[in-house]
Structure formats: C-alpha cells, structure tokens
Amino acid sequence: MGAKRKHSEAIEESAEAEKDHKERREEEKTSRKRQVLASTIKNKDKRSAVYAKLKQEKKRDKQKKAKAREAAEKRALELGEELPPKKAPRTIENTREVDETVCKPDDEELFAGNDADEFSGILKQEVIPKILITTCRFNSSRGPAFISELLSVIPNAHYFRRGTYDLKKIVEYAKNKDFTSIIVVHTNRREPDALLVMGLPDGPTAHFKLSRLVLRKDIKNHGNPTSHKPELVLNNFTTRLGHRVGRLIQSLFPQDPNFRGRRVVTFHNQRDFIFFRHHRYIFETKETKLPEIKAKKTTEKDKEKEDASAPQGKTIARLQECGPRFTLKLVSLQHGTFDTKGGEFEWVHKCSEPENILPKKSWRKQGKVHALCLQDQRYCRTVVVSVKCAASN
Amino acid sequence: MPRTIAVDCPGCPPIRALTFDTLGLIKVVEARRVDGNQGNVSSPKVVERWGEPNLSNCILAASIDDRRIDPLLALARKSGLIEVINPLNGDIRVSAKSDVGSDDDSVVGIHLFRRERSESSSSRSRTLLTTTTKGAATLRSLELADSSAHSSISDSLKTWRVCSSGDVSCSAVDGSECYALYGGKGVEVNVWDLEKCDKIWTAKSPPKDSLGIFTPTWFTSATFLCKDDSRKIVAGTNNHQVRLYDIASQRRPVISFDFREASIKAVTADLDGNTVYFGTGSGDLASADMRTGQIGYNLSYERKLLGCFIGKCSGSIRSIVRHPELPIIASCGPVILGLDSYLRLWNTKTRQLLSEVFLKQHLNVVLVDSNFEDEGRTPYAVTEAPSNEEHEVIQNLDGEVEDGHVLPVKRKNASKDNNQNKLKPKKKNKKRVQAEGDGRCSPFFSCSTAY
C-alpha cells in the first residue's frame, strides 16, 4: 500500500515541482551518460553515496514544496482570498469502503427487528440474565484462572464443570434450568483461545477467537472488583452485524447497573477486533498546585470562570484496571443454538475470498521479495552452516 | 484490515424480485433501464414495502403464479394465516386462517397451481396446496371475486398425511402439476400423485458405508430436476450431500456427491434440465451438472464449466430462484446483518455477482416476477391494468412464441439427449471413485448395478 500512496502523492504534486525534478534528472542523466539504478551498484560505498544524494534531494524537494505552500498561504491571507485547501492524509479509516449496513437511528425497521429478536426479553428487563460458564473437555492452568475472573466480571454467572457431556446436552440442561446464556471457554495447550457465547433458548451462537489474554495478577497496579453490577460500555458496534453482536454481549449483563459500585466493563470494537477491559473508576476533586499555576497565567476573566465552574478545584476521573484483559474476534455467528453440522450461519468469516486478499497486495509483494532473499546464495550458506552446527551438537 | 477498495458489481438486466422476511415484510426489488439505454442498467433498489413488521407475521413460504393477466401470489405466515395477494400492487385478495396454527406445526410449503384443475368449474377459482411440518398436506380451493370480501379459501378439498413420523421440511410440485414430492427430517423423499392423492414412490436410504455407519435421513431441500419430467428429483441433505433420484430406475439415489461441510439449504433446477444450483448453510453457492454429478469448483475440468459462485455471501442461503428467461439466479442469504440479509443476483453463465441489495431483515423466500420488462415504460405497479392491456397482449404473443412453444421442445430434446448421454460420463465417474476408494460415494456402485 505504501508504494501506492507514494504514487498517488506523486501525482498530486504541483506541476512545477515535477518539472524541476525532471529537469534535474535529465541533467543527472547527461552527466552520467546513462542512468544507473542505485540498487544495482555493487560497491557498497558508492551505493550508499548515491543513496545519500538521493535522500538529500528528496529532503530538499520537500522543503521547497513546504516553502511554496507557506508562501501561497501567506499571499492568500494578505490578499484576503480563500486559503488553499489542506491535504488530508490518507488513512485506513477514511479510505474505508462505505458500508450500507450501518445502523441509523431513524430506521424504524431496525427497532422493529430489535423488538422481535431473541434478546429483547432481557434488554427490556423482563428476564434477569443467568449465565452458565463451562469449558472444553480438557481444561487446566490459565483456563480455570480466566474463568474465575469471568465469574467476577459477569454477575449471576455459574460455573459448571464440563465433564464429558456433549455441548448439545448442556444446552438442553441450561434451557431447562432457565439459563439465558452459555459461555464456553475453549483452551488449547492450556491457553484460552476461543469463546463461544450462546443465547438461550433459541438465540444465536457467536464464536470468537480469543487472544492477548492478560489475567488480573499480571496487570500492574490492578484493583479488585466489588460485587456490584457493572456498567457496560459498548463502542463502535455500528453495522447490522455489530449491532447484533453488541446486543448478544449486552444480554450477558444485568440491565440495571449499581452506579455506586463505580465498576465499568468495556467492549471496544476497532476494525472488527473487540477489546475487553474492566475498570474501577473514581471521581476526585483535586486541590493541588494545578489551579494555582493556572491562576498565575490566566487573566481575571478566566479566574472568574474557574471559580464559577469548579470552586473546589478540578474534578478528574481516575481509572484503575481490574480483571482480565483480552481481545476477541468474531469467527462466526450462527442462527440458533450450537449445531456445527446442520446449523445456519448468519455470518461466517471467509478468508479465502478474493476481495479479502485484494488489499494485501503490497504484503504479497513483500513476501515475494523475502522469498528472493531466501534464495540468495549467502543465505543458503548460512542455513547450511547452522544445520552443520546442529548436527555436530 | 478493512476493505478499502470497493468491489464493483456490474449492473443487472431489468428484473423484479419479491422478497419475504421473518418480520412479515414483503419487499419489491426492481432494476430498471436508464432512459432506454441498452447497456446501462441501474442497480436494483427496493421499490415498495408491504406489511407491518411483526414477528408473528413471519412469512414461511410463498408461491407465485406470474401469468400476464391477473397474477397471484400465495403466502403462508407463521400465525397460520394464508394470504393471496396481487404481486403487482400488494392488495390482499383473500386471507384465511388455516387450522394448523399450533406452535410446533407450521406451514413449510405452499404451491399455487397455475393450471386450473378439473374440479374447479369457473375460471376464477384456483387451487392451493399447503404442507405442514407434521406432514399434513391440504388441497384448498380458492374462489376469487372482485372484492376481498366475496372471495374465499375453502377449508380443504382434500387432506392427506405425508408421513406418520418425522418433520417435513421441503416440498415441491412438478411442472405439469400432477405430482408433489416431500422430504424432511426422518422422512425419505416421497412422491404423491395429486389427482388420486396416493403415494406412488418412496426413496430408500443409502446403505451403510464401509465402516458400517448409517446416517439418519434428513432432507433439507428438494426439487424436480426438469419441468417436463417428473421422474428425476434432486435433493439436498443435512449431511451436505446432493442426491439425484430417478423414479424410473431405482429407489436409491442414482448420483450423490458431497459439497463442502455445511448442510444444503436450498436446491433449484435450471431450465436446461441437467444443471442444479444449491446453497449451503454457511453461504456457499454452487452449480453442478447432474449428468455427471460434477461440481466444477475445480475449474480444470474442461467438460463442463460449472462451479461455485463467488461473491460476498457470508450467511446461510435460504432460497434460490432461477429467472425463467434471463441467465440470472437470485439467491437470498437469509440471515442478517452486516454481511447478510442481502439479496444477490448472479449471472449463471459467468458465475459473476451482478449486484446485491441490502434488505435489513432475515430473508426467507425470494421470488422473481418474470413478466417484468421495463423498456422506458411505467412499471406495472403504477399503471392500471386496462390501459395496459394492448401492450400486454402483444407481449403475451411474443412471449409465447419465445418460451411457450420453442423452448420446451428444445428442452425435451435436451433431456432426451441427457438420458442417452447419461451412461458414459457416469462410468467414468465410477472408475474414478473406485480408484479413490471413497466409502461415502457408495451410491455410485449401487446405481451401476441397476443400469
């Protein structure tokens, strides 16, 4: 992608600069008689000298452009004209393809759909959520530790040992016992790596990949959560799929938080990764040196303002992280309860489709270069040497 | 990493499709030509929306009779209501509560007969066939009058039970409308004669495989392979198998093959009488030639260019419809969100995704109105029927010349050819399978003995 961006920027350059550049290049050409690609020069000293020159040129170019831009701005200011438009940097966020499925607040069908979906009972506080937490068949080390922390995060959650029961049997059992959700923590090599969240009795099943798990004891200056019902923050669940996953997560928690507990659970979605954090917060009024320093600098008007708004100083919120920290990524969302064979999927992550590969073009290029490097004789030799060493050892 | 390059879909030819969703809404999607421009076609859009969103209104099945004059659309709702509406403007012609409104018994299939059955005396009476999960098939007669108050649906003309146990999950009526087939969880595919109302054929489950494992019967979708021949049946199973049954030859499947790993949720036959399209629960759509049982997702096969339809389909496919004239299939990914609850249109020849429409709800059924031809004229829905009659008659004639007489003959020839050709490729297949020693393909062996 980097190469592309450079290319587009080059196009955007003002015509003059380009001309200058061309002229200079032509001069170079004539001086050297023929153009030599810097990377083809074999002598390292000479190559680095050429590179240094190129770099310097680039820098000079950039400075020139900046100067020209500044001058244009100044002139525009003096003449009272409109300022030349500022270039916005290209970011992943602003080049993202427009998604037509983003939920809009004026969409009546969305709300009708919400009223009719599986979670509406819980979210309208007609049903109190009751969660069953279980594991995969083999479970040890970090798995149980993670579960004990999940139990402290989610109120009214109950851990059941998995034993050798089928998941479908467990679903049946949980339905009979009026559970509203099931969470299955899947571990691989003693490390939790997947989370299955299931709505009951007929809610969807979401399969998440779980990564970057940090347990409470590994977090520096962590706090210990109280047993109050936590507040819930769901960020950026905007598309229809996001909305549905958000509602699934929301249905795990009671809808009437104890604000006294000052406990907050955050699910933050950023580029389809859901980041989980669990905090305690506190509002503190600070009567430290800070306002005094400000008072010296500020004028009288500001002083008055400060007095009016915060007579005892500044109120700040402090956060203390407690409880696990992990990242989730949705793998599939299935209609109905757990049924991998005959189930209908509402959404499946498909990585083999061509449009998913497209944006990674530049990566592939890099891969190719890398492969060429590996074919280089020098590398071959080192590999051989290392193998020999291993053999002798 | 989010996708930053838009994947553009080429527009699709003029088409009118009706979608039915779980909230009981009917949405009309139309693509029109822009200013009579030949090539340039606008992307399809939702033109109309009928009904109020309510979960109990969920539409389970629908059937269209898209004749040029007086078209009708029958649909069954979750609440047990059966409605007949006008597909052009959404007016309810008849609506009646059926007696099967109980919780665990819902309608799975509905069929509105195109042909007037012999019993019906006046030209304005039609026949409806409904099937429920528990296996109660009912023929109802439909009296149509000018106002909805006078028209009615009679309770039942005939009722019979398709199965004693198990759940029926799919039903289909053949092109001549004499036979109906049923299949489901624990219900083998069976064919009924609609005139005499008796069972004429039942399938037999495939034998145990080499490991002695027997997979229980669970059909999820079924259809007749070609319009004129009611003897060949294609069925998709929950065990991700697509099977071809031939009533004339044997009770076990003639061809059966696996497709990926999710259950087959929708099967639709092409007009040529040998291609089928099928979609799975995880959003894979493919076509296969039923003469060879070959899915061409390996495109190195040169014999038949068939294969998977690549698109952004990421939700289960609940319904596939083949447009009767244009090379288009419409599939609707049912379920939701983000990436699904889309209606997608594919070109059947190039297998290219033509366009897609986001419809916000879990979709259940899609139907195509084949009479929709937009040539700079105002659409049917807006114009009144009488003023348009002349146009329609002319088109009617043209249409009949096109598809009423010529095409079926072609199709017949094609199907005959198929029968003759059938033996050769299959033998090749058999050899291949034997070489691989795949236990699951055992139906091949049994079929070879029958031939």
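**Exercise 1. Cysteines of chain B**

Is B:C58 buried or exposed, and what is its relative accessible area?

*Solution.* This is a predicted model, so each value here is computed from predicted atoms.
- Step 1. Take B:C58: its relative accessible area is 7%.
- Step 2. Apply the cut-off: buried means under 20%. B:C58 is therefore buried.
- Step 3. Do the same for B:C163. Its relative accessible area is 10%, so B:C163 is buried too.
- Step 4. Recall the chemistry: a disulfide is a covalent bond between the sulfur atoms of two cysteines. The criterion is a pair of cysteine sulfur atoms within 2.5 Å.
- Step 5. Count over all chains. The result is 0 disulfides.

**Exercise 2. A four-stranded sheet**

Find the strand order of the open sheet of 4 strands in chain B, and name its edge strands.

*Solution.*
- Step 1. Read the order across the sheet: β4-β5-β6-β7 of chain B. The pairing is antiparallel.
- Step 2. Look for strands that pair on one side only. These are β4 (59-65) and β7 (92-97) of chain B, the edge strands.
- Step 3. Check the twist. On average, neighbouring strands of this sheet are turned by 15° against each other, direction ignored.
- Step 4. Recall what holds strands together: backbone hydrogen bonds pair them, either parallel or antiparallel.
- Step 5. Zoom in on one pair. β4(B) and β5(B), residues 72-77, run antiparallel and share 6 bridges.
- Step 6. Pick a facing pair. B:A61 stands opposite B:A76, which lies in β5(B).

**Exercise 3. Chain B as a whole**

Describe the make-up of chain B by secondary structure, burial, contacts and surface.

*Solution.*
- Step 1. Count elements. Chain B has 3 helices and 30 strands.
- Step 2. Assess burial. Chain B has 451 residues, and 57% of them count as buried.
- Step 3. Take contacts between residues at least 6 apart in sequence. Of these, 51% join residues at least 24 apart.
- Step 4. Turn to the surface. Chain B exposes about 19100 Å², with 50% of that supplied by carbon and sulfur atoms.

**Exercise 4. A helix in chain A**

How many of the 11 residues of helix α8 in chain A are buried?

*Solution.*
- Step 1. Locate the helix: α8(A) covers residues 240-250.
- Step 2. List buried positions. Among them are A:R240, A:R244 and A:R247. The list also includes A:L241, A:V245, A:L248 and A:I249, along with A:G242 and A:G246.
- Step 3. Draw the conclusion. With 9 of the 11 residues buried, α8(A) is largely enclosed by the rest of the structure.

**Exercise 5. Backbone features in loops**

Where are A:P201, A:N236 and B:H240, and what marks the backbone at each?

*Solution.*
- Step 1. A:P201 sits in the loop between β4 (191-199) and β5 (205-214) of chain A. A cis peptide bond links A:L200 to A:P201, with omega about 0°.
- Step 2. A:N236 is in the loop between β6 (231-235) and α8 of chain A. Its phi is near 60°, a positive value in a residue other than glycine. A:N236 is partly exposed, at 43% relative accessible area.
- Step 3. B:H240 lies in the loop between β18 (232-237) and β19 (241-246) of chain B. Its phi is positive, about 45°, although B:H240 is not a glycine. B:H240 counts as buried, at 10% relative accessibility.

**Exercise 6. Confidence in chain A**

Which stretches of chain A have a pLDDT below 50?

*Solution.*
- Step 1. Start with the whole chain. Chain A has a mean pLDDT of 79, and 74% of its residues reach 70 or more.
- Step 2. Residues 1-14 of chain A are below 50, and this stretch has 10 contacts beyond near neighbours in sequence.
- Step 3. Residues 293-299 of chain A are also below 50, with 4 such contacts.

Conventions: Residues numbered from 1 in each chain as written. Chains lettered and ligands numbered in written order. Predicted model: local features only at pLDDT ≥ 70, side-chain atom pairs only at ≥ 80, totals over all residues. Heavy atoms only, no water. Pairing = 2+ DSSP bridges. Helix = DSSP H or I, 4+ residues; strand = E, 2+ residues; numbered from the N terminus. Axes fitted to C-alpha atoms, helices over the stretch in contact; angles between N-to-C directions. Buried < 20%, exposed > 50% of the residue type's maximum accessible area, 1.4 Å probe, protein only. Contact = heavy atoms within 4.5 Å. Areas by Shrake-Rupley, 256 points an atom, 1.4 Å probe, with all protein chains shown as cover. pLDDT = per-residue confidence, 0-100.
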